[in-house]
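Thanks for sharing this one. Here are my notes, point by point, to read alongside the model.

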Amino acid sequence: MSIKIVKEYERAVIFRLGRILSGGAKGPGLFFIVPCIDSIVTVDLRSVTFDVPPQEILTKDSVTVTVDAVVYFRISDPIQSVTKIANSRYSTQLLAATTLRNILGTKSLHEILSDKESISHHMQEILDHATDEWGVKVERVEVKDVKLPVQMQRAMATEAEAAREARAKVIAAEGEQKASVSLKSAADTINQSPVALQLRYLQTLTHIAAEKNSTIVFPIPLELLRSFPGIKEGKF
């Protein structure tokens with residue numbers, strides 16, 4: 001007999017004369033094997049991450065983008081991961097790259113840029129279902145970056161700038177409209193009382209004098225000039 005030890009995060013799949021021993025995977029801790037008859041495959045149960053290589057994808061609206069992602073997975077069934085698939089990590093990586101291309105190929109550019117979270121969740125569900133028979137549990141998928149062609153970036157920047165300018169013009173026009181309504185209301189109010197116009201003149205003069213200007217141009221009402229006899233007779 002021989003003594004073997006596996007760590008807390010490991011499990012040992014034991015083959016005796018080519019057959020898996022009953023009782024499932026062994027561990028963690030100490031167990032015995034029969035030399036020359038038993039063979040051991042140690043499986044790590046910790047979560048593992050890998051990057052999906054950047055994939056060039058043609059979207060539904062015929063835009064070429066480059067997308068990459070990261071996948072988090074772990075072994076949920078050590079026996080299945082040993083007996084059903086030769087290399088569970090490499091197979092999961094290839095499947096993740098293919099799934100990413102298939103999913104994003106059905107999306108438009110706007111959906112890819114705005115719905116990364118839903119795309120990641122959908123991809124995680126597909127991968128988890130496909131790798132379940134391999135004893136692999138896909139815990140999380142994240143779409144990291146979406147790279148656009150330079151020409152597309154310039155076109156989108158130009159479009160956004162034009163949209164901002166259009167909104168600015170609309171806001172300025174609305175402000176002019178509101179100001180004209182307020183000025184008309186003020187003019188109607190002043191027209192009802194001539195004294196109000198004189199008070200407005202005095203208020204303007206006070207405001208100008210507070211700025212320490214050397215020259216002040218102040219309008220004089222014609223009604224005040226007509227009060228002089230010479231102006232009425234046309235001598236000035």
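1. E10 touches P28, T42 and V43, leaving aside residues up to four places away in sequence; contact here means heavy atoms within 4.5 Å. E10 sits in strand β2 (helices, H or I, of at least four residues and strands, E, of at least two are DSSP runs, numbered from the N terminus).

2. This is a predicted model, where local features need pLDDT of at least 70, side-chain atom pairs count only at pLDDT 80 or more, and totals for chains, interfaces and linings use all residues. Residues are numbered from 1 along each chain as its sequence is written, and side-chain values use heavy atoms, with hydrogens and water left out.

3. E10 is buried (under 20% relative accessible area, 1.4 Å probe, protein chains only) but has no salt bridge, meaning a side-chain nitrogen of Lys or Arg within 4 Å of a carboxyl oxygen of Asp or Glu. The nearest side chain of opposite charge, K7, is 4.6 Å away.

4. R11, also placed in β2, is buried without a salt bridge, and its nearest oppositely charged side chain, E8, is 5.2 Å away. The backbone oxygen of E8, however, lies 3.1 Å from a polar atom of the R11 side chain.

5. Which residues touch the most other members of the largest nonpolar core? They are V52, V65, V67, V71 and L100, out of 31 residues. β7 gives the most to this core, with 6 residues. Such a core is a set of buried Ala, Val, Leu, Ile, Met, Phe, Trp, Tyr and Cys residues joined through side-chain atoms within 4.5 Å.

6. A second, separate core of 5 residues includes V6, A12, I14 and F31.

Note on methods
Buried < 20%, exposed > 50% of the residue type's maximum accessible area, 1.4 Å probe, protein only. Lys, Arg positive; Asp, Glu negative; His and termini not counted. Polar contact = N/O pair within 3.5 Å; in protein donor to acceptor, adjacent residues only side chain to side chain.
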